[in-house]
Amino acid sequence: MGSLRPWNVFKKTVYVAPMLSEGGAANSILAVQLSQARARLQEQESGQIKSPLLQKFLYLLAPSAAAWFLLLAARWRYSDSERLQALESQPGGAMLLDFLAWRVTAHLGPYQMPNFARAKMHEQPLKMLQEPVLLDHERMRALSRLGQLSQRRMAALSFACVGEQPSPGSPLRAIEPLLFDAFYEDDASAARAPGTSSDSHRAAAAKIILDVVAASAQEDRAVPPWVLSGLVAAKGIPWEVG
(Lines give C-alpha, C1' and ligand atoms only; values in the text may rest on other atoms or scores of the structure.)
Protein backbone atom coordinates (compact mmCIF):
# COMPACT_ATOMS: atom_id res chain seq x y z
CA MET A 1 0.00 0.00 0.00
CA GLY A 2 2.93 2.32 0.46
CA SER A 3 3.56 2.38 -3.29
CA LEU A 4 0.01 3.45 -4.12
CA ARG A 5 -1.20 7.04 -4.32
CA PRO A 6 -4.68 7.72 -2.78
CA TRP A 7 -7.33 9.79 -4.67
CA ASN A 8 -10.60 10.85 -3.08
CA VAL A 9 -13.21 10.59 -5.85
CA PHE A 10 -16.97 10.76 -5.20
CA LYS A 11 -16.30 10.29 -1.46
CA LYS A 12 -14.47 7.02 -2.11
CA THR A 13 -10.73 6.45 -1.83
CA VAL A 14 -9.14 5.03 -4.98
CA TYR A 15 -5.48 4.01 -4.99
CA VAL A 16 -3.50 4.57 -8.17
CA ALA A 17 -0.12 3.10 -8.83
CA PRO A 18 2.71 5.62 -9.28
CA MET A 19 3.83 6.50 -12.79
CA LEU A 20 6.32 4.13 -14.35
CA SER A 21 8.62 4.99 -17.21
CA GLU A 22 6.99 2.54 -19.66
CA GLY A 23 3.34 3.39 -18.63
CA GLY A 24 3.75 7.06 -17.82
CA ALA A 25 1.38 8.30 -20.52
CA ALA A 26 -1.52 6.11 -19.34
CA ASN A 27 -1.08 7.09 -15.70
CA SER A 28 -0.94 10.75 -16.67
CA ILE A 29 -4.28 10.51 -18.49
CA LEU A 30 -5.82 8.74 -15.49
CA ALA A 31 -4.57 11.44 -13.13
CA VAL A 32 -6.10 14.16 -15.32
CA GLN A 33 -9.44 12.35 -15.39
CA LEU A 34 -9.44 11.94 -11.64
CA SER A 35 -8.68 15.64 -11.16
CA GLN A 36 -11.52 16.60 -13.50
CA ALA A 37 -13.89 14.28 -11.65
CA ARG A 38 -13.00 15.90 -8.33
CA ALA A 39 -13.51 19.36 -9.80
CA ARG A 40 -16.96 18.40 -11.13
CA LEU A 41 -17.88 16.96 -7.74
CA GLN A 42 -16.91 20.19 -6.00
CA GLU A 43 -18.94 22.25 -8.48
CA GLN A 44 -21.99 20.06 -7.91
CA GLU A 45 -21.71 20.37 -4.14
CA SER A 46 -21.33 24.17 -4.31
CA GLY A 47 -24.30 24.37 -6.69
CA GLN A 48 -26.45 22.40 -4.29
CA ILE A 49 -25.67 24.92 -1.55
CA LYS A 50 -26.43 28.04 -3.61
CA SER A 51 -29.51 26.78 -5.43
CA PRO A 52 -31.94 26.83 -2.44
CA LEU A 53 -30.93 30.38 -1.54
CA LEU A 54 -31.51 31.58 -5.07
CA GLN A 55 -34.79 29.71 -5.20
CA LYS A 56 -36.01 31.31 -1.96
CA PHE A 57 -35.01 34.73 -3.25
CA LEU A 58 -37.06 34.19 -6.41
CA TYR A 59 -40.02 33.04 -4.31
CA LEU A 60 -39.92 36.33 -2.38
CA LEU A 61 -39.19 38.55 -5.37
CA ALA A 62 -42.41 37.86 -7.25
CA PRO A 63 -44.92 38.63 -4.43
CA SER A 64 -42.85 41.61 -3.25
CA ALA A 65 -42.89 43.14 -6.71
CA ALA A 66 -46.63 42.47 -7.02
CA ALA A 67 -47.34 44.14 -3.65
CA TRP A 68 -45.21 47.16 -4.59
CA PHE A 69 -47.05 47.72 -7.87
CA LEU A 70 -50.46 47.27 -6.19
CA LEU A 71 -49.57 49.92 -3.60
CA LEU A 72 -48.31 52.18 -6.37
CA ALA A 73 -51.66 51.80 -8.12
CA ALA A 74 -53.46 52.55 -4.82
CA ARG A 75 -51.44 55.71 -4.29
CA TRP A 76 -52.23 56.89 -7.81
CA ARG A 77 -55.94 56.02 -7.56
CA TYR A 78 -56.48 57.64 -4.16
CA SER A 79 -54.45 60.74 -4.87
CA ASP A 80 -57.92 62.21 -5.44
CA SER A 81 -58.95 63.51 -2.00
CA GLU A 82 -62.68 63.12 -2.58
CA ARG A 83 -62.28 59.51 -3.68
CA LEU A 84 -60.21 58.70 -0.59
CA GLN A 85 -62.72 60.37 1.74
CA ALA A 86 -65.61 58.49 0.13
CA LEU A 87 -63.82 55.20 0.70
CA GLU A 88 -64.69 55.27 4.42
CA SER A 89 -68.42 54.86 3.77
CA GLN A 90 -68.12 52.19 1.06
CA PRO A 91 -68.44 48.45 1.79
CA GLY A 92 -65.00 47.19 2.77
CA GLY A 93 -63.57 50.67 2.43
CA ALA A 94 -62.70 50.98 6.12
CA MET A 95 -60.64 47.78 5.92
CA LEU A 96 -58.80 49.08 2.86
CA LEU A 97 -58.06 52.35 4.66
CA ASP A 98 -56.75 50.40 7.64
CA PHE A 99 -54.44 48.45 5.34
CA LEU A 100 -53.16 51.56 3.52
CA ALA A 101 -52.53 53.35 6.83
CA TRP A 102 -50.91 50.28 8.41
CA ARG A 103 -47.31 50.85 9.48
CA VAL A 104 -46.14 47.64 7.79
CA THR A 105 -47.63 48.76 4.47
CA ALA A 106 -45.20 51.68 4.42
CA HIS A 107 -42.35 49.14 4.14
CA LEU A 108 -43.96 47.21 1.30
CA GLY A 109 -44.43 49.93 -1.29
CA PRO A 110 -44.99 53.65 -1.97
CA TYR A 111 -45.83 55.80 1.04
CA GLN A 112 -49.61 56.35 1.38
CA MET A 113 -49.64 59.01 4.13
CA PRO A 114 -49.33 62.04 1.79
CA ASN A 115 -52.73 61.11 0.34
CA PHE A 116 -54.24 60.85 3.84
CA ALA A 117 -52.80 64.21 4.87
CA ARG A 118 -53.91 65.92 1.65
CA ALA A 119 -57.44 64.51 2.01
CA LYS A 120 -57.64 65.72 5.65
CA MET A 121 -58.74 62.31 6.86
CA HIS A 122 -58.55 63.53 10.46
CA GLU A 123 -61.54 65.89 10.14
CA GLN A 124 -64.30 63.29 10.04
CA PRO A 125 -63.09 61.35 13.11
CA LEU A 126 -62.69 64.57 15.11
CA LYS A 127 -66.14 65.70 14.06
CA MET A 128 -67.54 62.34 15.14
CA LEU A 129 -65.87 62.57 18.55
CA GLN A 130 -67.75 65.83 19.22
CA GLU A 131 -71.13 64.13 18.92
CA PRO A 132 -73.01 64.17 22.24
CA VAL A 133 -74.20 60.57 21.84
CA LEU A 134 -71.73 58.09 20.38
CA LEU A 135 -71.68 54.31 20.47
CA ASP A 136 -68.59 52.55 21.77
CA HIS A 137 -67.63 51.04 18.40
CA GLU A 138 -68.11 54.40 16.67
CA ARG A 139 -65.84 56.14 19.15
CA MET A 140 -63.26 53.39 18.89
CA ARG A 141 -63.29 53.55 15.08
CA ALA A 142 -62.74 57.32 15.16
CA LEU A 143 -59.91 56.99 17.68
CA SER A 144 -58.34 54.17 15.68
CA ARG A 145 -58.33 56.27 12.50
CA LEU A 146 -56.77 59.23 14.32
CA GLY A 147 -54.19 56.94 15.90
CA GLN A 148 -53.16 55.60 12.49
CA LEU A 149 -52.56 59.17 11.33
CA SER A 150 -50.96 60.62 14.46
CA GLN A 151 -48.26 57.93 14.59
CA ARG A 152 -46.76 59.53 11.46
CA ARG A 153 -45.20 62.92 12.15
CA MET A 154 -46.06 64.33 8.73
CA ALA A 155 -49.72 63.38 9.12
CA ALA A 156 -49.86 64.63 12.73
CA LEU A 157 -48.57 68.06 11.68
CA SER A 158 -51.31 68.27 9.05
CA PHE A 159 -54.04 68.23 11.73
CA ALA A 160 -56.12 71.40 11.72
CA CYS A 161 -59.64 72.46 12.62
CA VAL A 162 -62.30 72.35 9.93
CA GLY A 163 -61.83 75.25 7.54
CA GLU A 164 -58.34 75.99 8.84
CA GLN A 165 -55.07 75.36 7.07
CA PRO A 166 -52.26 73.55 8.89
CA SER A 167 -50.12 76.04 10.80
CA PRO A 168 -47.94 76.15 13.93
CA GLY A 169 -50.11 75.10 16.85
CA SER A 170 -53.01 73.87 14.71
CA PRO A 171 -52.54 70.15 15.58
CA LEU A 172 -53.16 70.77 19.29
CA ARG A 173 -56.11 73.03 18.54
CA ALA A 174 -57.54 70.33 16.28
CA ILE A 175 -57.47 67.64 18.97
CA GLU A 176 -59.09 69.88 21.60
CA PRO A 177 -62.04 67.45 21.89
CA LEU A 178 -59.59 64.78 23.04
CA LEU A 179 -57.91 67.20 25.45
CA PHE A 180 -61.28 68.18 26.86
CA ASP A 181 -62.33 64.57 27.39
CA ALA A 182 -58.98 63.62 28.94
CA PHE A 183 -58.20 66.59 31.20
CA TYR A 184 -61.31 68.65 31.85
CA GLU A 185 -62.41 68.04 35.43
CA ASP A 186 -66.08 68.08 36.41
CA ASP A 187 -68.36 66.13 38.74
CA ALA A 188 -69.00 63.40 36.16
CA SER A 189 -65.32 62.82 35.45
CA ALA A 190 -64.48 62.82 39.16
CA ALA A 191 -67.08 60.15 39.85
CA ARG A 192 -65.93 57.94 36.97
CA ALA A 193 -64.56 54.69 38.38
CA PRO A 194 -61.54 52.95 36.86
CA GLY A 195 -62.10 49.72 35.01
CA THR A 196 -65.06 50.95 32.95
CA SER A 197 -65.50 50.24 29.25
CA SER A 198 -64.08 53.66 28.41
CA ASP A 199 -60.59 52.77 29.62
CA SER A 200 -59.53 51.56 26.17
CA HIS A 201 -60.89 54.76 24.65
CA ARG A 202 -58.96 56.88 27.12
CA ALA A 203 -55.76 54.94 26.42
CA ALA A 204 -56.18 55.42 22.66
CA ALA A 205 -56.88 59.13 23.14
CA ALA A 206 -53.79 59.50 25.35
CA LYS A 207 -51.63 57.91 22.65
CA ILE A 208 -52.95 60.35 20.05
CA ILE A 209 -52.30 63.31 22.34
CA LEU A 210 -48.73 62.19 23.01
CA ASP A 211 -48.10 61.62 19.30
CA VAL A 212 -49.29 65.12 18.40
CA VAL A 213 -47.31 66.73 21.22
CA ALA A 214 -44.17 64.86 20.17
CA ALA A 215 -44.63 65.91 16.54
CA SER A 216 -45.10 69.59 17.40
CA ALA A 217 -42.22 71.95 17.98
CA GLN A 218 -41.64 73.11 21.55
CA GLU A 219 -42.83 76.66 20.84
CA ASP A 220 -46.08 75.29 19.32
CA ARG A 221 -47.18 73.32 22.38
CA ALA A 222 -49.18 76.07 24.06
CA VAL A 223 -52.41 74.78 25.65
CA PRO A 224 -55.09 76.32 27.89
CA PRO A 225 -54.40 76.30 31.64
CA TRP A 226 -57.13 73.74 32.35
CA VAL A 227 -55.19 71.19 30.26
CA LEU A 228 -52.12 71.53 32.49
CA SER A 229 -54.11 71.41 35.73
CA GLY A 230 -56.06 68.42 34.43
CA LEU A 231 -52.84 66.66 33.48
CA VAL A 232 -51.45 67.11 36.99
CA ALA A 233 -54.65 65.79 38.56
CA ALA A 234 -55.17 62.95 36.08
CA LYS A 235 -55.77 59.54 37.65
CA GLY A 236 -56.56 56.04 36.52
CA ILE A 237 -55.89 54.46 33.15
CA PRO A 238 -53.67 55.27 31.34
CA TRP A 239 -51.94 57.86 33.54
CA GLU A 240 -51.28 55.55 36.49
CA VAL A 241 -50.41 52.43 34.50
CA GLY A 242 -46.82 51.36 33.78
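Select helix 6 and helix 11 in this predicted model. On the helix 6 side, the residues that meet helix 11 are Asp-136, Arg-139, Met-140, Leu-143, Leu-146, Gly-147 and Ser-150. Their partners in helix 11 are Ser-200, His-201, Ala-204, Ala-205, Lys-207, Ile-208, Asp-211 and Val-212. Sorted by class, this contact has seven nonpolar, four polar and four charged residues.

Now draw the two axes. Helix 6 and helix 11 have axes 9 Å apart, at an angle of about 25°. Angles under 35 degrees count as roughly parallel, and helix 6 and helix 11 are therefore described that way. The crossing of helix 6 with helix 11 is left-handed.

**Helix 6 alone**

Select residues 136-150, the 15 residues of helix 6. From first C-alpha to last, helix 6 reaches 21 Å, close to the 21 Å expected at 1.5 Å a residue. Next, colour the buried residues of helix 6: Ala-142, Leu-143, Arg-145, Leu-146, Gly-147, Gln-148, Leu-149 and Ser-150. Leu-143, Leu-146, Gly-147 and Ser-150 are buried and also take part in the contact with helix 11.

Which helices cover the buried residues of helix 6? Show helix 3 (93-101), helix 4 (113-118) and helix 5 (123-129), which are among them. Then add helix 7 (153-157), helix 9 (176-183) and helix 11 (199-215), also part of that cover.

**Helix 11 alone**

Move to helix 11, which has 17 residues. At 1.5 Å a residue these should span 24 Å, and the end C-alpha atoms are 24 Å apart, so the two values agree. The buried residues of helix 11 are Asp-199, His-201, Arg-202, Ala-204, Ala-205, Ala-206, Ile-208, Ile-209, Val-212 and Ala-215. Helix 6, helix 7, helix 8 (170-174) and helix 9 are what these buried residues pack against.

**Helix 9 against helix 11**

Keep helix 11 and select helix 9. Their axes come within 10 Å and cross at roughly 125°. That makes helix 9 oblique to helix 11. This crossing, of helix 9 and helix 11, is left-handed.

What does helix 9 contribute to the contact with helix 11? Pick Leu-178, Leu-179, Ala-182 and Phe-183 in helix 9, which meet Ala-205, Ile-208 and Ile-209 in helix 11. By class this contact has seven nonpolar, no polar and no charged residues. Ala-205 and Ile-208 of helix 11 meet helix 9 and also appear in the contact with helix 6.

**The loop at Cys-161**

Centre on Cys-161, in the loop between helix 7 and helix 8. Is Cys-161 buried or partly exposed? Its relative accessible area is 29%, so Cys-161 counts as partly exposed. Leaving out residues up to four places away in sequence, Cys-161 touches Glu-123, Arg-173 and Ala-174. Glu-123 is in helix 5 (123-129), and Arg-173 and Ala-174 are in helix 8 (170-174). For a distance label, join the C-alpha atoms of Cys-161 and Leu-172: they are 9.4 Å apart in space, with the residues eleven apart in sequence.

**The whole chain**

Zoom out and show the cartoon. The chain has twelve helices and two strands. Along the sequence the pattern is β-β-α-α-α-α-α-α-α-α-α-α-α-α. Colour by burial: buried residues make up 31% of the 242 residues. Finally, take the contacts between residues at least 6 apart in sequence; 64% of these join residues at least 24 apart.

Terms used
Residues are numbered from 1 along each chain as its sequence is written. This is a predicted model: local features need pLDDT of at least 70, side-chain atom pairs count only at pLDDT 80 or more; totals for chains, interfaces and linings use all residues. Side-chain values use heavy atoms; hydrogens and water are left out. Helices (H or I, at least four residues) and strands (E, at least two) are DSSP runs, numbered from the N terminus. The expected span of a helix is 1.5 Å times one less than its number of residues. Buried means under 20% relative accessible area, exposed over 50%, partly exposed in between (1.4 Å probe, protein chains only). Contact means heavy atoms within 4.5 Å. Axes are lines fitted to C-alpha atoms, for helices over the stretch in contact, and angles run from 0 to 180 degrees between N-to-C directions. Angles under 35 degrees count as roughly parallel, over 145 as roughly antiparallel, 65 to 115 as roughly perpendicular and the rest as oblique. A crossing is left-handed if the near helix is turned anticlockwise from the far one by less than a right angle, and right-handed if clockwise. Ala, Val, Leu, Ile, Met, Phe, Trp, Tyr, Cys and Pro count as nonpolar, Asp, Glu, Lys and Arg as charged, and the others, Gly among them, as polar.
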